[in-house]
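Please open the structure in your viewer and keep the sequence panel visible. The tour below proposes a series of selections and states what is found at each.

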Amino acid sequence: MSEHIDEEPGTQLPVRAGAKVDIGEMSGVEADVLRGVLRAEPVGRLAPAEHPTGPALSIAANQVANQVANQIASQVANFGAAAGLLSPGDRLAPLSLMPEPPTDLAAVWQPSPAMTEPVATPEPPAGHPAIAPVIDPAIDTTLNIAIDATALASGPSGTGPLALLLATLLDGLDRGRADWLGPLPPGGPAAVRDAVAATGFGALPDKGEDPFETLAALGRLLAWGSADPAHPHCAAHLHCPPLAVGVAAETAVAALNQSLDSWDQSPAAGEIEERVVRTLTRSVGYSDASAGVLTSGGTESNLMGLLLARDDVLRRRFDADPDLDGVPPFAAGRLRILASDQAHFSVARNAAILGLGERCVVSVASDTEGRMRSDALAEAMEAVADRDEIPLAVVATAGTTDLGAIDPLVPIAKVAARHGAWFHVDAAYGGGLLLGTVADARLQGLHVADSVTLDLHKLGWQPVPAGCFLVKQAASLRSLEKRVSYLNSVDDEQAGYPSLLGRSLRTTRRADAVKLAATFQALGRDGFQQLTDRCLALAGYAAEAVRKHADLELTAEPQLTTVLFRYLPPDPRDADRVNGLLRRHLLEAGRAVLGRTELARERPGTPPGRVRLKLTLLNPHTTELQIDALLAAVRAAGGTASSSSAFVRGPS
């Protein structure tokens with residue numbers, strides 16, 4: 001990236017009149033970000049590769065390595081059996097003969113000499129003849145491998161085609177990352193649109209192309225043209241960098257293409273989901289009477305919670321059958337959902353989906369830290385009763401999107417219980433705290449909730465999707481129960497073949513619990529605690545770093561891993577416009593991805609304006625220096641936005 005930058009490493013960028021940002025101490029990507037932050041490089045087609053892409057090396061070399069490894073493993077196994085060290089049929093651990101990745105890019109495009117040279121075998125025990133390994137000279141290091149695009153990912157013939165294609169795809173990803181080291185493609189929407197159009201992806205040609213070339217090009221395009229949550233300057237959304245172990249497990253799920261709507265489509269995966277759900281319900285504090293299901297995310301989970309809440313109140317209070325009759329006339333227009341003014345927008349959206357209408361959601365005031373006020377909830381409940389309306393559900397939030405606020409669950413639960421309302425907790429963000437070794441006192445009372453939403457593609461570092469919906473009582477799920485003869489016939493279930501069909505809004509459903517199970521096993525609670533602690537510490541550092549600059553204003557102390565702040569231009573009246581513009585400029589330059597939000601109300605004691613920038617720090621590998629560089633980039637862009645008449649005239 002530095003070859004595009006003309007300035008010297010010690011360049012100082014103007015932030016505002018009379019202020020400087022010194023980056024002389026920085027190097028590498030951080031300094032490049034600052035030196036190039038105001039330069040959006042034009043992008044049309046992706047630059048041509050310095051070396052050809054495709055199966056030439058990575059595929060041939062890996063195949064050679066695999067063949068060599070298999071021969072050696074076979075000979076070593078035979079030797080071990082002859083020496084009495086192994087029993088016939090014993091399997092050896094996989095051998096890796098690939099050398100360390102070379103630093104010279106050109107070197108990776110030639111097979112390593114080590115691939116074709118004999119590999120030494122350890123000396124045999126005394127009394128046993130030496131068995132010299134001989135590499136089959138028929139192995140061709142320049143194999144021209146062809147795989148039909150109709151090849152399957154798994155099956156009796158194995159995963160060979162998948163392995164070769166994946167190697168090409170991953171190679172393409174690495175090349176795409178080398179094309180641009182920023183967190184977002186430069187040039188804005190137009191540049192991305194042109195680049196995608198130039199590749200032809202998305203069209204359906206009459207004749208297919210070579211799958212290796214297709215995946216090499218796709219990998220390169222995606223890596224260049226994606227928002228990379230693993231980049232330290234990609235910090236806009238609750239969009240975590242996924243752990244490699246989870247992605248690897250996800251690949252196995254995709255290859256086997258399991259669906260969790262019937263046992264005969266996913267025997268082991270269904271059992272794994274049962275165990276993962278049990279781990280999560282116990283983490284919440286539920287008894288064994290609870291249940292749950294993996295979902296696409298918080299919106300689906302919140303929809304399920306409100307659906308069960310609606311059906312519960314209709315059955316209890318009106319003896320109605322919502323499955324058959326829907327909402328009866330004497331209840332229509334009277335059902336109310338109470339949630340804080342900081343609740344996720346999916347609460348109102350789901351009320352509309354359920355036919356209740358967004359106006360059925362009663363907004364409850366929050367305190368200065370963004371937490372629902374239990375006294376305001378009690379007042380709102382009394383007002384609902386006075387109007388002869390029915391409190392359908394109370395939705396608390398454990399981790400609001402902007403401030404990371406966790407509502408006081410215990411007093412909210414008491415108000416909900418007093419009025420006979422279903423108590424649902426949207427813990428899509430903060431629920432990840434349950435995975436560690438240290439109990440967070442702010443989640444006390446979560447076990448009282450009738451239902452809980454979790455999203456482990458946030459503070460769980462999983463590939464999307466990894467949502468989960470949990471209920472305190474498994475019987476609550478009866479609204480989802482359906483019987484179809486080809487999926488969950490009664491006699492099959494009586495014979496011991498379980499079905500998960502009656503736990504989800506979906507029929508075909510991916511085995512998303514598998515990646516969770518792999519990550520649970522690999523990290524343990526201690527590993528999750530370390531990741532969480534690191535991200536919380538980064539948020540604290542970022543908040544303190546914001547305070548050190550007079551032209552930045554911290555909105556509130558971070559409660560989880562989000563940090564709200566803004567740039568203060570010389571004219572406070574321009575605050576909203578300048579912050580909106582500086583963020584878009586960073587996006588167009590491809591140098592930084594910041595979140596943007598607007599406060600529900602202006603905060604007392606601060607300059608006018610509601611627009612705020614947001615750092616969402618979910619990458620535990622981010623360094624403090626990288627946060628400093630990101631804030632310096634914000635200040636540099638803010639200074640330019642403040643002083644440029646072209647910027648000032650634009651909308652916010």
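**Salt bridges around helix H15**

Select Arg547 to begin: this residue is partly exposed, with a relative accessible area of 39%. The model is a predicted one. Add Glu557 to the selection, and a salt bridge appears between the two side chains, with N and O 1.8 Å apart. Glu557 is likewise partly exposed, at a relative accessible area of 48%. Where do the two partners lie? Arg547 belongs to helix H15 (residues 513-547), while Glu557 sits in the loop between strand E11 (552-554) and strand E12 (562-567), so the salt bridge ties together parts that are ten residues apart in sequence.

Next, select Arg635 and Asp551. These two residues form a salt bridge whose closest N and O atoms are 3.0 Å apart. Arg635 is found in helix H17 (residues 624-643) and Asp551 in the loop between H15 and E11, so this pair ties together parts that are 84 residues apart in sequence. Are these partners buried or exposed? Arg635 counts as buried at 9% relative accessibility, and Asp551 counts as buried at 3%. The cut-off behind both statements is a relative accessible area under 20%.

Now select Glu250, Arg510, Asp512 and Lys515 together. Salt bridges with shared partners join these four residues into one network. In total, the structure holds 34 salt bridges.

**Helix H6 and a distant part of the chain**

Move to helix H6 (residues 244-256) and select Val253 within it. Val253 counts as buried, its relative accessibility being 6%. Which residues does Val253 touch, leaving aside those up to four places away in sequence? The list consists of Gln258, Arg510, Ala511 and Val514. Display the C-alpha atoms of Val253 and Ala511: they are 6.5 Å apart in space, although the two residues are 258 residues apart in sequence.

**Strands E5 and E6**

Select strand E5 (residues 335-340) together with E6; the two pair in the parallel sense over four bridges. Within this pairing, Ala339 stands opposite Ser363 of E6. Follow the chain from E5 through helix H10 (residues 346-353) to E6, and you trace a right-handed β-α-β crossover.

Then show the side chains of E6 (residues 361-364) alone. Val362 and Val364 form its covered face, whereas Val361 and Ser363 form the uncovered one. In a regular strand, side chains alternate between the two faces of the sheet.

A further salt bridge can be shown by selecting Arg371 and Asp367, whose side chains meet at 3.0 Å, N to O. Arg371 counts as partly exposed, at 30% relative accessibility.

**A nonpolar patch on the surface**

Switch to a surface display and select Leu170, Leu173 and Leu222. These residues make a nonpolar surface patch of about 250 Å². Leu222 lies in helix H5 (residues 211-225) and is partly exposed, with a relative accessible area of 42%.

**The whole chain**

Finally, select the entire protein chain, which has 18 helices and 14 strands. Of its 652 residues, 49% count as buried. The accessible surface of the chain comes to about 30,500 Å², and 54% of that area belongs to carbon and sulfur atoms. Among contacts with a separation of 6 or more, 73% are between residues 24 or more positions apart.

Key
Residues numbered from 1 in each chain as written. Predicted model: local features only at pLDDT ≥ 70, side-chain atom pairs only at ≥ 80, totals over all residues. Heavy atoms only, no water. Patch = residues over 30% accessible without salt bridge, like charges linked within 9 Å, V, L, I, M, F, W, Y side chains within 5 Å. Areas by Shrake-Rupley, 256 points an atom, 1.4 Å probe, with all protein chains shown as cover. Buried < 20%, exposed > 50% of the residue type's maximum accessible area, 1.4 Å probe, protein only. Pairing = 2+ DSSP bridges. Right-handed = clockwise from strand over helix to strand, strands pointing away. Contact = heavy atoms within 4.5 Å.
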